[in-house]
Amino acid sequence: MLSYNVSLEGKTVLVTGAAGFIGSNLVKRLFHDVKNIKVIGIDSMTDYYDVNIKKERLSEIASLQRDWVFIEDTIANPVVVEQLFTNYKPAVVVNLAAQAGVRYSITNPDAYIESNIIGFYNILEACRHH
């Protein structure tokens, strides 16, 4: 088992981008390594690539039958981020939500501004206030 720098036992962890490849694997790993943990996942489920792949990842997590809550929304929405922090009080935040891909940024720059800048800002502000 991997040794962690921080004890996650009994903690609530927020994972943004939870339906992505890295996010979903992190959630599964947390559930594998930590007995008493609650994980809150959020993902906007954009169609940048096949949404069915993301849905399959989420169903794999749900099948573990652990303390898991998934919210389909964007971290670019400050109201949603504030509600997440108010309702679930995460002790640890792992921000993996981001719009990826270089070519896509040329035709859809707003997607990058929304997720990578505004969304990240909202997460930082919620961490600062909570």
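Here is a student and a tutor talking through a predicted model.

Student: Why is the pair of W68 and F70 called stacked?
Tutor: Two cut-offs settle that: ring centres must lie within 6.5 Å to pair, and planes under 30 degrees apart count as stacked. In this predicted model, the rings of W68 and F70 have centres 6.1 Å apart and planes at 25°, so the pair is stacked. A search of the whole structure turns up one aromatic pair.

Student: How do you know whether W68 and F70 are buried, partly exposed or exposed?
Tutor: Buried means under 20% relative accessible area, and partly exposed runs from there up to 50%. W68 has 17%, so W68 is buried. F70 has 26%, so F70 lands in the partly exposed class.

Student: What does W68 touch, leaving out residues up to four places away in sequence?
Tutor: The list is A18, V27, F31, V39, I40, G41, L58, I61 and A62.

Student: Which residues of the largest nonpolar core touch the most other members?
Tutor: That core has 15 residues, and V15, V27, L30, F31, I37, V39 and W68 touch the most other members. As for who supplies it, β1 (11-16), α1 (21-33), β2 (37-43) and α2 (51-62) each give at least two residues. The most comes from α1, with three residues. There is also a second, separate core of 12 residues, which includes L14, I40, I71 and A97. As background, nonpolar side chains tend to be buried together in soluble globular proteins.

Student: What makes K54 count as sitting over the ring of Y49?
Tutor: The distance cut-off is 6 Å from the ring centre for NZ of Lys, and the atom must also be within 35 degrees of the ring normal. The charged end of K54 sits over the ring of Y49, 4.7 Å from its centre.

Student: How do you know that the span of α1 agrees with what a helix should have?
Tutor: Take 1.5 Å times one less than the number of residues. For the 13 residues of α1 that should give 18 Å, and the end C-alpha atoms are 18 Å apart, so the two agree.

Student: Which residues of α1 are buried, and what covers them?
Tutor: The buried ones are G23, S24, V27, L30, F31 and D33. Their cover includes β1, β2, α2 and β3 (67-72).

Student: What about helix α5: what is its reach, and where does it bend?
Tutor: Helix α5 covers residues 109-129, 21 residues in total, and reaches 29 Å from first C-alpha to last, close to the 30 Å expected. The bend is about 25°, at G119. That residue is also among the buried residues of α5, which are Y112, S115, G119, N122, I123 and A126. What covers them includes β1, α3 (78-88), β4 (92-95) and α4 (102-107).

Student: Why is Q99 called buried when N36 is called partly exposed?
Tutor: The buried class ends at 20%, and the exposed class starts over 50%. Q99 has a relative accessible area of 11%, so Q99 is buried. N36 has 47%, so N36 stays partly exposed.

Student: Where do Q99 and N36 lie, and what do they touch?
Tutor: Q99 is in the loop between β4 and α4. Beyond four places in sequence, Q99 touches T46, Y48, Y104, A111, Y112, S115 and N116. N36 is in the loop between α1 and β2, and beyond four places in sequence N36 contacts L8, E9, G10, K11 and R66. N36 and D67 are 31 residues apart in sequence and 8.5 Å apart in space, C-alpha to C-alpha.

Student: What makes the phi values of M45 and Q65 worth pointing out?
Tutor: Most residues other than glycine have a negative phi. Phi of M45 is near 55°, a positive value, and phi of Q65 is near 50°, also positive. M45 is in the loop between β2 and α2, while Q65 is in the loop between α2 and β3.

Student: Are M45 and Q65 buried or exposed?
Tutor: M45 has 10%, under the 20% cut-off, so M45 is buried. Q65 has 72%, over the 50% cut-off, so Q65 is exposed.

Terms used
Residues numbered from 1 in each chain as written. Predicted model: local features only at pLDDT ≥ 70, side-chain atom pairs only at ≥ 80, totals over all residues. Heavy atoms only, no water. Phe/Tyr/Trp six-rings, centres within 6.5 Å; stacked < 30°, edge-to-face > 60°. Buried < 20%, exposed > 50% of the residue type's maximum accessible area, 1.4 Å probe, protein only. Core = buried A, V, L, I, M, F, W, Y, C linked by side-chain atoms within 4.5 Å. Helix = DSSP H or I, 4+ residues; strand = E, 2+ residues; numbered from the N terminus. Contact = heavy atoms within 4.5 Å. Bend = angle between axes of the 7 residues up to and from the residue.
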